[in-house]
Amino acid sequence: MSYFIGIDLGGSSIKALAVTSVGERIAEINRSFDAEKEQDFACEIQRIVQEIEETRGSAAQSLGLSAPGLTARDGRSIRNMPGRLQGLVGLDWTTFLNRQTSVPVMNDAQAALAGEAWVGAVKGIENVVFLTLGTGVGGAAKVDGHILRGAIGRAGHLGHVCLDPHGEPDICRTPGSLELAVGNCSISKRTQGRFQTTHALVDAVRSGDAEARSYWANTVRHLACGLVSFVNVLDPEVIVIGGGIARAGELLFDPLETYMNDMEWLVPGSPRVSIRPAVLGEWAGAYGAAYSAL
């Protein structure tokens, strides 16, 4: 049986899937690492590919890679990856892995959207905004059937839109960004040091903590402001939300819908934009990388 490998290099783990041409998962590896320590990520990925192919008893027909950062124009390497996973910028994966067919390299958020569009929450949907809410805010956009890439690969970095022109700059130099308004990276500052993680804040909201409710409502309102802006610019049919913060479930989606009801540009005779959770979870990027290999 022919199969394809999708590899997702994240901030703390490498995930790899072997899938059939219709997206059926036939093997998986999830290998954690300490990003603070020196590690040869490229060689670890090489070992994972070898492990899958030896277990399957045959070489993959092709494989794809998902990673943070901006991809090179030819799609064979990462050209820019600020602040993490050093040593991978400029590495030609087709050459390094000694493959006969090209190894396409995708930005991780764009790959996650590709995975959700292939076998996940938005299969068959032509216009989609995709957000991952975690330490930061990742994003990607699919418009008229095409995942946007842009001139140098920055398209879809939705977490780095400006909500407050007087705010502090984020990692991409954007003042008062959506990422700083809702990401876990700023939760301590946003709650005056009371909460160190968004999960702790959500737990306090569930327990009925009034102050926590106020912090959470402010977070969700900022998210809604970002979403209605994306609706006005990109006109999606569906907004998909994934990442660790999305696991708050109804505590996130119910108030978010309320805020969207107040803010969204409504057009008579046209449906509201649907907001739904991602379904592939932490494997979305690996699925997208495998799809790119197809």
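These legends walk you through four close-up views of a predicted model.

**View 1. Five strands make up an open sheet.** The strands follow the order 10-9-8-11-12, and their pairing is mixed. At the edges sit strand 10 (146-147) and strand 12 (274-277), each pairing on one side only. Look for strand 8 (residues 128-133) and strand 11 (residues 238-242): they run parallel and are joined by five bridges. Here you can spot Val129 opposite Ile239 of strand 11. Strands in a sheet pair through backbone hydrogen bonds, in a parallel or antiparallel way.

**View 2. Helix 3 and helix 8 lie across strands of the sheet.** Helix 3 (residues 108-119) lies across strands 8, 9 and 10, at about 55° to strand 9 (137-143). Helix 8 (residues 250-263) lies across strands 8, 11 and 12, at about 165° to strand 12.

**View 3. Glu44 and Arg47 form a salt bridge within helix 1.** Their closest N and O atoms are 2.8 Å apart. Both residues belong to helix 1 (residues 41-56) and are three residues apart, about one turn of the helix. Glu44 counts as buried because its relative accessibility is 10%, under the 20% limit. Arg47, at 43%, counts as partly exposed. A network of salt bridges links this pair with Arg31 and Glu51.

**View 4. Arg194 and Glu211 meet in a salt bridge.** The N to O distance is 2.7 Å. Arg194 lies in the loop between helix 5 (187-190) and helix 6 (198-206), while Glu211 is in helix 7 (residues 210-234), so the pair ties together parts 17 residues apart in sequence. Arg194 is partly exposed at 38% relative accessibility, and Glu211 is partly exposed at 40%.

Technical notes. Residues are numbered from 1 along each chain as its sequence is written. This is a predicted model: local features need pLDDT of at least 70, side-chain atom pairs count only at pLDDT 80 or more; totals for chains, interfaces and linings use all residues. Side-chain values use heavy atoms; hydrogens and water are left out. Two strands pair if DSSP finds at least two bridges between them. Helices (H or I, at least four residues) and strands (E, at least two) are DSSP runs, numbered from the N terminus. Contact means heavy atoms within 4.5 Å. Axes are lines fitted to C-alpha atoms, for helices over the stretch in contact, and angles run from 0 to 180 degrees between N-to-C directions. A salt bridge is a side-chain nitrogen of Lys or Arg within 4 Å of a carboxyl oxygen of Asp or Glu. Buried means under 20% relative accessible area, exposed over 50%, partly exposed in between (1.4 Å probe, protein chains only).
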